[in-house]
Each structure stands twice: as structure tokens, then as C-alpha cells.
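Take a walk through this structure with the text below as a guide. Keep the sequence at hand as you read.

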Amino acid sequence: MPVDVIVLADVLRQAAKSEIVPRFRRLEAHDVRRKSEPSDLVTEADEQAERFIKAEIERLAPQALFIGEETVASDPDLLGKLKDAELAVIVDPVDGTFNFASGIPAFGVMASVVYKGEAVAGIIYDPMSDDWVMAEKGGGAFARRSDGQSARLAVAEAKPLEQMYGMASGAYFFDEERLRVLTNLAKVRFFASYRCSAQEYRTIASGHVDFVIYNKLMPWDHVAGSLIVQEAGGHVAKFDGSPYRPSEFTGGLIAATSKESWDILRREIIG
């Protein structure tokens with residue numbers, strides 16, 4: 001592994017302890033700024049946590065391309081370098097910023113390691129419970145507590161469509177596609193959105209829901225979680241059935257408990 005995953009996991013924890021948790025429910029108005037729309041926010045916690053993580057990664061893996069959500073917001077050309085980078089570390093310092101800024105304890109810190117275009121490690125840290133879910137390619141997915149205890153993760157058993165629980169949002173579907181997808185979701189037993197891919201990926205990888213569906217593919221939102229779900233036994237692919245790759249930013253994504261469940265969801269929900 002080109003980056004020590006346990007060390008990287010601890011970096012996320014340190015960033016949360018020093019920069020994120022102390023600001024939770026203590027943000028002032030000037031600490032929160034709008035980006036592209038009213039629900040797309042950045043806070044002082046996002047920016048300071050990313051600076052902390054970036055500095056640590058530059059020390060641990062100086063050869064790695066650093067792709068952080070807030071760094072890319074300042075330098076969009078960085079995304080184009082991901083495809084050809086031999087080694088990259090992708091970071092979302094506060095996934096679920098809207099929840100964080102609203103005082104809702106459903107957010108997370110995510111990092112992934114990409115080597116020669118392929119995701120080889122993924123970590124999702126929950127600052128509220130002080131634990132991680134993580135995976136290395138080919139090594140399975142695990143829940144790990146701060147006291148060192150760990151347990152292997154596994155997705156749920158496959159179910160018929162009408163019995164499925166899952167996570168999906170209409171926020172990034174538009175016009176007729178939005179209406180079609182939201183209407184088709186009435187075919188499942190239950191669906192919701194946490195507005196936080198970190199927590200949604202944790203939920204499916206831990207066996208509590210049967211699918212997650214996304215239409216916006218930014219690498220800091222999906223590289224870590226998609227690898228963790230696959231290592232927990234799930235099936236992840238873009239809407240057209242092709243493998244999801246870190247350097248691809250369009251095409252929608254379904255993560256499901258099995259290939260058969262994925263096929264059903266693609267046919268019956270995406271249409």
C-alpha cells in the first residue's frame with residue numbers, strides 16, 4: 001500500500017478532533033459561506049480541516065497528488081490531473097456540510113488512496129461516534145473503533161425490489177429524469193436521504209440498507225465509499241453498467257447488495 005491506511009485514518013481523526021468537532025453547533029454567521037446554491041455550503045471547519053489533512057499528507061506521501069474538495073474549489077484544474085496521477089489522495093474534510101452547519105450530527109470525514117487510476121484504499125471517519133469504516137482493495141471492509149477493536153463488514157442479503165430499503169436523492173436529477181426516478185422509487189419499501197454520502201455508504205456497507213443511488217459523481221464523495229461497499233460484498237457500477245473510476249465525474253452510480261439487485265434497480269428505478 002503506497003500510503004499507510006491506519007496512519008491516514010488517524011490523520012482524519014486528528015483533523016476532526018482539532019478543527020471540526022470544536023466548531024460543531026458553535027459556528028458564527030461569518031464561518032459559513034454559500035458556494036453554488038443555498039444548500040451547497042463551506043464552513044471554517046471544512047477549510048481548516050482540509051489544511052490540516054493536506055499538510056499531514058504532504059509529510060506522509062509527498063509524491064501524492066492531493067485532491068481535496070475545498071482545494072479543488074480554489075483550483076478546478078486539479079481534477080483534470082487525477083486521471084494521469086500515479087498516486088493521489090482524495091479528501092472530503094466534512095462530508096455533509098449542510099448537516100454540520102445545521103447542527104445535525106450526520107456528517108463524516110473521508111479519504112481515499114488512488115494508485116495508477118484505481119482506488120486501493122478508502123476510509124470514512126465519523127467524528128460523533130469516533131470510529132471508522134475502511135477498506136483496502138482485496139482485503140475486505142472493516143469497522144474499526146478508536147480502541148483498536150474491529151469487525152468485518154458485510155452487505156445485507158439480496159431482497160426483492162418491493163422489500164428493499166435504500167438511500168437516494170432527487171437533488172441532482174433534473175427535469176423529466178427527476179420525475180421518473182422519484183416516481184419509480186415508490187416501487188421500493190422505503191427510501192431516504194441523509195444528505196451525506198459518508199453516512200449513507202457506511203449504512204449500506206454495514207448491512208442496514210440495500211442500495212444507494214447518486215447522480216452527481218465528485219471523487220471526494222464516492223471513491224472511498226464505493227470501494228468499501230465492494231469490499232463488503234456489494235456491487236457498484238455507473239448507470240450504464242460500466243465500472244466506476246475515480247477520474248470519471250458523470251454517469252450516475254448505483255451501489256447495491258448484489259449484481260442481481262443492481263440490475264433490478266437500474267431497470268426499475270433509473271429506467
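The paragraphs below go from a sheet to a helix, then to charged pairs and a pocket. The model is a predicted one.

Start with the sheet. Seven strands form it, and the sheet is open. Their order is β3-β4-β5-β6-β7-β8-β9, with mixed pairing. At the edges sit β3 (65–68) and β9 (150–152), each of which pairs on one side only. From one strand to the next, the twist averages 15 degrees.

Now look at one edge of the sheet. β3 and β4 (residues 87–95) run parallel, and four bridges join them. One residue of β3 can be followed across: Ile67 has Ile90 in β4 as its bridge partner. Two helices that pack on the sheet come next. Helix α2 (residues 44–60) touches β3, β4 and β5 (108–115). The direction of α2 makes about 155 degrees with that of β4. Helix α7 also packs on the sheet, where it touches β4, β5, β6 (118–126) and β7 (131–136). The direction of α7 makes about 100 degrees with that of β6.

Stay with α7 for a moment. This helix spans residues 197–205. How many of its residues are buried? The count is nine of nine, so the helix is mostly covered, buried being under 20% relative accessible area. The buried residues run from Ser197 to Ala205, and include Gln199, Glu200, Tyr201 and Arg202. Just after the helix comes Gly207, which takes a positive phi of about 90 degrees.

Arg202 leads on to the charged pairs. Side chains of opposite charge can pair when their charged atoms come close. The structure holds 15 salt bridges. In one of them, the side chain of Arg202 meets that of Asp131, at 2.8 Å from N to O. This pair links distant parts of the chain: Arg202 lies in helix α7 and Asp131 in strand β7, 71 residues apart. Both partners are buried.

Other pairs have other surroundings. Arg145 forms a salt bridge with Asp147, and their closest N and O atoms are 2.6 Å apart. Are these two residues buried or partly exposed? Arg145 counts as partly exposed because its relative accessibility is 43%. Asp147 is partly exposed as well, with a relative accessible area of 45%.

Glu248 and Lys238 make another salt bridge through their side chains, at 3.2 Å from N to O. Glu248 is in the loop between β13 (235–238) and β14 (253–256), while Lys238 is in strand β13, 10 residues apart from its partner. Glu248 is partly exposed, with a relative accessible area of 25%. Lys238 has a relative accessible area of 9%, so this residue is buried. Salt bridges also form a network, which links Arg13, Lys17 and Asp130.

End at the largest pocket. About 800 Å³ of space lies in it. Of the 37 residues that line this pocket, Asp95, Tyr172, Arg195, Lys216 and Asp221 are the closest to its centre. Which helix or strand gives the most to the lining? The answer is α3, with four residues. Several elements each supply at least two lining residues, among them α3 (69–74), β4, α5 (97–102) and β10 (165–168). β12 (211–214) and α8 (219–231) also belong to that group. So does α7, the helix that packs on the sheet.

How values were computed
Residues are numbered from 1 along each chain as its sequence is written. This is a predicted model: local features need pLDDT of at least 70, side-chain atom pairs count only at pLDDT 80 or more; totals for chains, interfaces and linings use all residues. Side-chain values use heavy atoms; hydrogens and water are left out. Buried means under 20% relative accessible area, exposed over 50%, partly exposed in between (1.4 Å probe, protein chains only). Two strands pair if DSSP finds at least two bridges between them. Axes are lines fitted to C-alpha atoms, for helices over the stretch in contact, and angles run from 0 to 180 degrees between N-to-C directions. Contact means heavy atoms within 4.5 Å. A salt bridge is a side-chain nitrogen of Lys or Arg within 4 Å of a carboxyl oxygen of Asp or Glu. On a 1 Å grid over the protein atoms alone, a cavity is a set of points where a 1.4 Å probe fits but cannot get out, and a pocket is an open set with protein on both sides within 12 Å along at least five of seven lines; lining residues have an atom within 4 Å of a point. Grid points are joined across faces, edges and corners, and a volume is the space filled by probe spheres set on the points.
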